[in-house]
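Trainee: Could you take me through one part of this structure slowly? I'd like a close look at the salt bridges, and a bit of the surroundings too.

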Amino acid sequence: DAVEETDKISVVTSCADDTKLALYSVDGGGSNWPQTGDYQVDHYGVDATQLIAAFFAGDEEWDVPPVQIETDYVGPPRTYRIYVPQSYTPDEATPLVVMLHGAGGTGLHMSYMTGMSRLADENGFVVAYPDGIGLNWNFHSAPEPGTALDDTAFLTAMVDDLALDLNIDRQRVYAAGYSNGGHMAFRLACEATDTFAAIASAGAT
C-alpha cells in the first residue's frame, strides 16, 4: 500500500474507493492511557479522551504532550485482569480475591489453572488476576525507593483502583498465591494488613 509519512502521521492512500486512512503516533502513549479520577495505576502517556475530543473539535492545540500524573503509586505500567460474577450488583458490597501466579506465569494462566472465575460465579465474589513484572513477584523485603519493584505498593493500589469502579467489600479482600505468588501473599500478610484480611499460599516452600 502507498503510505505518505508526515511528521507523526502516516496516511495510507491506496484504500478502496480512493479513501485515505490516517494513523497518528502518540509519543509516550503506548498502551497505558491514564484514567480520569483518583486511579493510581497506569497514569502514564496522554489522556486519550482529551486528545480525541480536541482533534474532532478542531482544536489547533489537540496534539497534547505526554504527561505523567502524580499518584501514590510510583512504578512502571502494570496489567491485570478481573472477573466479575454474574450475580454482582453495585448495590451490594462484594468480596475480592486477588490471585497471584507463580514464577514464569501470568494472571491469565492463573485464571485457567485455578478455575477461580467459576468459583466466583458460584459464591459471589470478584477475582483479580494481576501480572508480575518479568513473570515474577518481588516478594523480598520492601525495596529502597528506585532500586526494585515494590509489588506490595502495586497490589494495594490495584485494590484501591478496583474499588473506584466496583462496590468492593473492603473488609473482605483476600490474596492467594501459588509458588512465587504464594511468597508474595506472605509478604502482603506482613506489609498490607490494612488492605488484605487474609491470605492463602500453595506450593511456596
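Mentor: Here is a walk through the salt bridges, with the overall layout before them and the strands and a surface patch after them.

A quick word on what you're looking at: this is a predicted model, where local features need pLDDT of at least 70, side-chain atom pairs count only at pLDDT 80 or more, and totals for chains, interfaces and linings use all residues. Residues are numbered from 1 along each chain as its sequence is written, and side-chain values use heavy atoms, with hydrogens and water left out.

The protein chain has five helices and eight strands; helices (H or I, at least four residues) and strands (E, at least two) are DSSP runs, numbered from the N terminus. Along the sequence, they come in the pattern β-β-β-α-β-β-α-α-β-α-β-α-β. Of the 205 residues, 39% count as buried. Here buried means under 20% relative accessible area, exposed means over 50%, and partly exposed is in between (1.4 Å probe, protein chains only).

Now to your salt bridges. Side chains of opposite charge can pair when their charged atoms come close. We call it a salt bridge when a side-chain nitrogen of Lys or Arg is within 4 Å of a carboxyl oxygen of Asp or Glu. The whole structure holds seven of them.

Let's zoom in on Asp150, Arg187 and Glu191, which are linked in a network of salt bridges. Take Asp150 and Arg187: their closest N and O atoms are 3.2 Å apart. Asp150 sits in the loop between strand S6 (126-130) and helix H4 (151-165), while Arg187 belongs to helix H5 (residues 180-191), so this pair ties together parts that are 37 residues apart in sequence. Arg187 also forms a salt bridge with Glu191, at 2.8 Å from N to O. Those two are four residues apart in helix H5, which means about one helical turn separates them. How covered up are the three? Arg187 counts as buried, with 4% relative accessibility. Asp150 is partly exposed at 29%, and Glu191 is partly exposed at 36%.

Another salt bridge joins the side chains of Arg172 and Asp169, 2.7 Å from N to O. Asp169 is buried at 16% relative accessibility, whereas Arg172 is partly exposed at 35%.

What about the strand around here? Strand S7 (residues 168-178) pairs with strand S5 (residues 94-100) in the parallel sense over six bridges; two strands pair if DSSP finds at least two bridges between them. Within that pairing, Leu96 stands opposite Val173 in S7. Both strands belong to an open sheet of five, in the order S4-S6-S5-S7-S8, with mixed pairing. At its edges are strand S4 (80-83) and strand S8 (198-202), each pairing on one side only.

Last stop, the surface. Ile52, Phe55 and Phe56 make a nonpolar patch there, with about 360 Å² of accessible area together. Patches are made of residues with over 30% relative accessible area and no salt bridge, with like charges joined within 9 Å and nonpolar side chains (Val, Leu, Ile, Met, Phe, Trp, Tyr) within 5 Å. Accessible areas come from the Shrake-Rupley method with a 1.4 Å probe; for residues, only the protein chains shown count as cover. Phe55 is found in helix H1 (residues 48-56) and is partly exposed, at 43% relative accessible area.
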